[in-house]
Amino acid sequence: GIDNVVVLDGEDTLATGGDMKDSRMISEAEFRGSALTGDTKSIEIHKDDIIQIPAGMPQWIKPHPSGHIRYVVFKVPGRKD
């Protein structure tokens with residue numbers, strides 16, 4: 001499904017796209033991996049940001065030097081087209 005990320009506090013870097021390294025399914029249509037490789041795009045995310053990530057898009061919130069972020073993800077049913 002579509003992921004809607006709401007940053008509650010702190011800051012970090014969100015990487016999207018590319019390929020997921022060591023991908024494994026953890027639940028129905030939900031995957032985890034160890035890193036993203038290939039053609040990725042990165043943006044800085046901060047408190048009060050809301051980011052929508054399309055279904056099937058690999059994503060990773062990279063650790064930030066400040067070491068502080070709180071966020072919530074709302075999943076909306078959808079399919080990868």
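**An all-strand predicted model**

The protein carries 10 positive and 13 negative side chains, with the centres of the two sets sitting 3 Å apart. For this tally, Lys and Arg are positive and Asp and Glu negative, while His and the chain ends are left uncounted; each charge is placed at NZ of Lys, CZ of Arg, CG of Asp or CD of Glu. A word on ground rules: this is a predicted model, with pLDDT of at least 70 needed for local features and 80 or more for side-chain atom pairs, whereas totals for chains, interfaces and linings take in all residues. Numbering starts from 1 along each chain as its sequence is written, and side-chain values rest on heavy atoms, with hydrogens and water left out.

On to the fold. The protein has 7 strands and 0 helices, so the pattern along the sequence is simply β-β-β-β-β-β-β. Here strands (E, at least two residues) and helices (H or I, at least four) are DSSP runs, numbered from the N terminus. As for overall dimensions, the C-alpha trace spans about 30 × 25 × 20 Å along its principal axes. The radius of gyration is 13 Å, which agrees with the value near 12 Å for a compact globule of 81 residues; the radius is taken over C-alpha atoms, and the globule rule is 2.2 Å times the number of residues to the power 0.38.

Contacts (heavy atoms within 4.5 Å) reach well along the chain: of those with a separation of 6 or more, 72% come from residues 24 or more positions apart. The accessible surface is about 5600 Å², and carbon and sulfur atoms hold 52% of it. These areas come from the Shrake-Rupley method with a 1.4 Å probe, and for residues only the protein chains shown count as cover. Of the 81 residues, 23% are buried, where buried means under 20% relative accessible area, exposed over 50%, and partly exposed in between (1.4 Å probe, protein chains only).

The largest nonpolar core is built from 7 residues, namely V5, V7, L14, I45, I51, I53 and I61. Strands β1 (2-21) and β5 (50-53) each put in at least two of its residues, and β1 gives the most, with 3. Such a core is a set of buried Ala, Val, Leu, Ile, Met, Phe, Trp, Tyr and Cys residues joined through side-chain atoms within 4.5 Å.

One core member, V5, has a full contact list: leaving out residues up to four places away in sequence, V5 touches D49, I50, I51, I53, Y71, V72 and V73. Its partner V73 belongs to strand β7 (residues 69-76) and, at 33% relative accessibility, is partly exposed. Beyond four places in sequence, V73 is in contact with D3, N4 and V5. The C-alpha atoms of V73 and A15, 58 residues apart along the chain, are separated by 15 Å.

Two loop aspartates also deserve a mention. D22, in the loop between β1 and β2 (24-27), has a positive phi of about 55° despite not being a glycine, and its 53% relative accessibility makes D22 exposed. D48, in the loop between β4 (35-46) and β5, likewise is not a glycine yet has a positive phi, of about 75°. With 60% relative accessibility, D48 counts as exposed. From D48 to D3, 45 residues away along the chain, the C-alpha separation is 16 Å.
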